[in-house]
Amino acid sequence: MSEVKLYSGVKLPLEMHKVRVVQKLNLLPVEERQKAMAAAGNNTFLLRNEDVYLDMLTDSGVNAMSDRQVAAMMVADDSYAGSATYYRLEQKVCELFGTSYFLPAHQGRACESILAEAFVKPGNVIPMNFHFTTSKAHITRVGGRVEELVIDEGLKPESDCLFKGNIDLDKLRECIARNGAANIPFIRLEAGTNLIGGQPFSLENMTATAKLAHEHGIPIVFDTSLLQDNLYFIKTREAACRDMSIREITRALCENADIIYFSARKLGFARGGGIAMNSKEYYERMKDFIPLFEGFLTYGGMSVREMEAMTVGLDETMDETVISQGPQFIEFMANELIKRGVPVVTPAGGLGCHVNARKFLSHIDDHAYPAAALATAVYIAGGVRGMERGTLSEQREPDGTEPIASMELLRLALPRRVFTMSQVLYAVDRISWLYENRKLVGGLNFVEEPATLRFFFGRLEPIGNWQEKLVAKFREDFGDSL
Ligand SMILES: Cc1ncc(COP(=O)(O)O)c(C=O)c1O
């Protein structure tokens with residue numbers, strides 16, 4: 001992948017786009033930020049966006065669209081059944097993935113719900129490189145269990161391993177032998193593993209995993225929601241793929257998969273999702289769930305305008321200059337934080353910059369949710385909204401015990417093509433200030449704890465008055481600055 005080199009030698013990610021539509025932002029004074037955080041139950045999901053300066057909660061559905069995507073939305077064919085828009089999308093998905101059948105769904109978790117309903121029975125085991133919150137919740141909802149088989153290196157926050165999302169093949173062999181192939185309806189492989197720092201797997205690892213699975217008659221389900229970052233990393237890090245085009249890498253990955261699904265809130269810069277496959281039998285097994293839960297087979301709960309944007313967005317995902325923007329900005333942000341001593345996940349992955357909250361706030365016990373506490377502190381310090389990706393995002397065991405997450409991360413998502421360099425540097429500045437003052441930050445306690453996906457709606461309170469002290473220190477150091 002070619003890179004623009006600067007005369008000064010500075011490594012600067014260079015945008016291959018220009019901004020033509022903008023949205024006004026708001027930065028509240030620090031005292032107001034503390035009040036907004038309290039009103040949101042110390043949960044960044046519950047903040048109002050008007051109170052947020054940089055929304056780094058997620059990349060989901062908030063990536064910038066291109067002029068070509070917006071233009072395509074204007075020619076969408078509004079019809080309940082048989083829309084030309086749908087056939088354009090179906091054709092694009094099948095062209096890129098090399099599949100014959102497509103089922104549209106309103107977003108990624110709808111695909112996961114259908115897969116769980118159609119394939120998973122009580123007592124089944126689903127091996128995966130790593131779980132995603134909704135994928136695990138749907139499997140456990142129908143009585144299945146997840147086993148995570150990512151390589152050990154994948155769970156080390158700081159590493160120089162280039163493919164930390166790889167499956168450990170020995171662990172997989174052992175898992176199949178222990179559980180029996182008949183008890184494993186599928187193996188799920190997640191591109192750009194969300195919960196462990198947006199880390200990729202290699203084409204070589206996926207091919208070996210699929211070979212092993214297929215020898216035992218187990219299908220591979222490929223979650224391509226974060227495929228675009230994984231494609232960039234394969235192209236730039238996997239020597240054997242250096243001369244392959246992004247389209248060729250996509251096809252080579254998908255040839256290993258029996259079922260492919262995606263959240264188009266991520267892949268394709270739009271909002272929606274879908275499931276693609278070559279097997280007519282799998283298609284028939286899942287088809288009836290679409291009109292039951294999503295919508296008619298030619299829209300699956302999506303608006304035709306979004307489907308048009310997705311068709312163009314999927315095509316743009318095959319453009320190296322488009323998919324490089326996210327990982328390059330993330331690497332830049334991670335390097336700037338590392339220069340200031342802030343512990344982040346390395347190598348920098350996709351989706352966002354991941355701060356290692358367990359190390360940042362080493363004085364806070366895991367049960368007091370360091371990553372969630374850090375998320376509240378980063379918002380108070382700078383109006384920057386991140387997302388906790390740690391113990392709080394786990395589900396309690398049926399006996400009520402709380403599993404401690406293998407990684408305790410604050411994810412600062414960089415939605416693609418959305419933020420400018422000065423905004424990234426502003427976030428770096430506020431986080432480094434917080435790092436210098438980290439001993440002021442304390443933990444959190446649940447006040448309201450939902451039984452399912454508690455991180456979405458749970459409400460918490462600070463343990464002690466550390467947030468007031470943090471605000472006072474901000475005023476001392478920044479004077480009347482916002
Ligand atoms: C890897 C992965 N799979 C599935 C999903 C679920 O997709 P959605 O949010 O569209 O339901 C997500 C969402 O963040 C994801 O990151």
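1. Contacts of Tyr-53. Setting aside neighbours within four places in sequence, Tyr-53 is in contact with Leu-25, Asn-26 and Leu-27. Its other contacts on that count are Gly-382, Gly-383 and Val-384. Keep in mind that this is a predicted model. Tyr-53 itself sits in a loop, between helix 1 (30-39) and strand 1 (54-55).

2. Burial of Tyr-53. Is Tyr-53 buried or exposed? Tyr-53 counts as buried because 20 other C-beta atoms lie within 10 Å, and the cut-off for that class is 20 or more. Gln-423 is worth a look as well. Tyr-53 and Gln-423 are 370 residues apart in sequence, yet their C-alpha atoms are 9.5 Å apart in space.

3. Domains. The chain is divided in two. Domain 1 takes residues 30-59 + 322-478, and domain 2 takes 67-319. Their C-alpha centres lie 28 Å apart. Across the boundary, 25 residues of domain 1 are in contact with 27 residues of domain 2.

4. The domain 1 side of that boundary. Which elements each supply at least two residues here? They are helix 13 (320-323), helix 14 (325-339) and strand 9 (352-356). Strand 9 gives the most, with 3 residues. By class, this side of domain 1 has 9 nonpolar, 12 polar and 4 charged residues.

5. Strand 9 and its sheet. Strand 9 also belongs to an open sheet of 3 strands. The strand order is 9-12-11, and the pairing is antiparallel. Strand 9 and strand 11 (387-389) are the edge strands, each pairing on one side only. From one strand to the next, the twist averages 30 degrees.

6. Pairing in detail. Strand 9 and strand 12 (residues 409-413) run antiparallel and are joined by 5 bridges. Two facing pairs can be checked in the viewer. Gly-352 stands opposite Ala-413 in strand 12. Val-355 stands opposite Leu-410, also in strand 12. In general, strands of a sheet pair through backbone hydrogen bonds.

7. Burial of strand 9. Why is strand 9 described as largely enclosed by the rest of the structure? The reason is that 5 of the 5 residues of strand 9 are buried. So strand 9 is an edge strand of its sheet, but it is also largely enclosed, because its residues are buried.

8. Ligand shell. How many residues surround the ligand? The count is 16. The closest are Gln-107, Gly-108, Arg-109, Ser-225 and Ser-263. Helix 4 (108-119) and helix 5 (133-141) are the elements that give two or more residues to this shell. By class, the shell has 2 nonpolar, 9 polar and 5 charged residues.

9. Pro-104. This residue is placed in strand 2 (residues 101-105). Pro-104 is classed as buried because 27 C-beta neighbours fall inside 10 Å. Not counting residues up to four places away in sequence, Pro-104 touches Tyr-86, Gly-274 and Ile-290. Pro-104 also touches Tyr-299, Gly-300 and Met-302 on that count. Asp-77 is 27 residues from Pro-104 along the chain, and their C-alpha atoms are separated by 16 Å.

Definitions and conventions:
Residues numbered from 1 in each chain as written. Predicted model: local features only at pLDDT ≥ 70, side-chain atom pairs only at ≥ 80, totals over all residues. Helix = DSSP H or I, 4+ residues; strand = E, 2+ residues; numbered from the N terminus. Buried ≥ 20, exposed ≤ 12 C-beta atoms within 10 Å, placed from the backbone. Contact = placed C-beta atoms within 7 Å. Near = placed C-beta within 6 Å. Nonpolar A, V, L, I, M, F, W, Y, C, P; charged D, E, K, R; others polar. Domains from an automatic or database assignment. Pairing = 2+ DSSP bridges. Axes fitted to C-alpha atoms, helices over the stretch in contact; angles between N-to-C directions.
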